[in-house]
Amino acid sequence: MGTKMGFMVDSNRCIGCHSCSMACKNYNQLNPDIVWRTVYDIKEDAYGQPTRITMSLACNHCEEPACKEACPTNAYEKRADGIVIHHEERCIGCEMCVYACPYNVPQFDKEKKKVGKCHLCYERLDEGLSPACVSSCPTQAIYQIDVSTIGDGFENSLPGFPDPKITKPSVRFIKPSIVKKL
């Protein structure tokens, strides 16, 4: 099995500060209404008792990317390392990828009339740097991983997340450690 790059998100460390989403917006110079990384509140009782949990999510760089399959202009490329890249210059703004992605990741930019999405900062990775979101996280809740080497013991889904069997996402989660009230 070859390299399969993705993200690991540790729900015990995410404090919902949005540093990751702001770093993504700044690095990629996104228009104000576009977000490629979002911090979500997980339903309070998702793990059996009231707990505040936030989770930072972006493109899952799926093994079988629905966005790539739906694109009529081949604007998507899946690199040998598993990163799914969108080539804006090939995009005609039809939004087929937006509708195809079960995670609602690709975003249509009304000003550019093109779609865009997280590309795992592949330019930074190629230079030996971490993605902007990873570098900015003050609690190290996000990091890039090679999914093919991390082994078992990590979740590939969250409460409310679409079935991972659909596209086989390359994101893994460390579940929250719930402290029970005595």
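Is Phe161 buried or exposed? In this predicted model, Phe161 is buried, with a relative accessible area of 15%. That makes a good starting point for a tour of the aromatic rings.

**Aromatic pairs**

There are 2 aromatic pairs in the structure, set out here:

| Pair | Centre to centre | Angle between planes | Geometry |
|---|---|---|---|
| Tyr103 and Phe161 | 4.9 Å | 40° | tilted |
| Phe161 and Phe173 | 5.6 Å | 85° | edge-to-face |

The Tyr103 and Phe161 pair links distant parts of the chain, with the two positions 58 residues apart. Tyr103 lies in the loop between helix H3 (96–100) and strand E6 (107–109), while Phe161 belongs to the loop between strand E8 (142–146) and strand E9 (171–174). Tyr103 counts as buried because its relative accessibility is 10%, below the 20% limit for that class.

Now for the other partner of Phe161. Its ring and that of Phe173 have planes at 85°, so this pair is edge-to-face; the cut-off for that class is over 60 degrees. This pair, too, links distant parts of the chain: Phe161 sits in the loop between E8 and E9, and Phe173 in strand E9, 12 residues apart. Phe173 is buried, as is Phe161. Taken together, Tyr103, Phe161 and Phe173 form one aromatic cluster.

**Charges over rings**

Two further rings are worth a look for their charged neighbours. Over the ring of Phe7 sits the charged end of Arg37, 4.5 Å from the ring centre. Tyr27 has the charged end of Arg124 over its ring, at 5.4 Å from the centre.

Notes:
Residues are numbered from 1 along each chain as its sequence is written. This is a predicted model: local features need pLDDT of at least 70, side-chain atom pairs count only at pLDDT 80 or more; totals for chains, interfaces and linings use all residues. Side-chain values use heavy atoms; hydrogens and water are left out. Rings of Phe, Tyr and Trp (its six-membered ring) pair if their centres lie within 6.5 Å; planes under 30 degrees apart count as stacked, over 60 as edge-to-face and the rest as tilted. Helices (H or I, at least four residues) and strands (E, at least two) are DSSP runs, numbered from the N terminus. Buried means under 20% relative accessible area, exposed over 50%, partly exposed in between (1.4 Å probe, protein chains only). A charge sits over a ring if NZ of Lys or CZ of Arg is within 6 Å of the ring centre and within 35 degrees of the ring normal.
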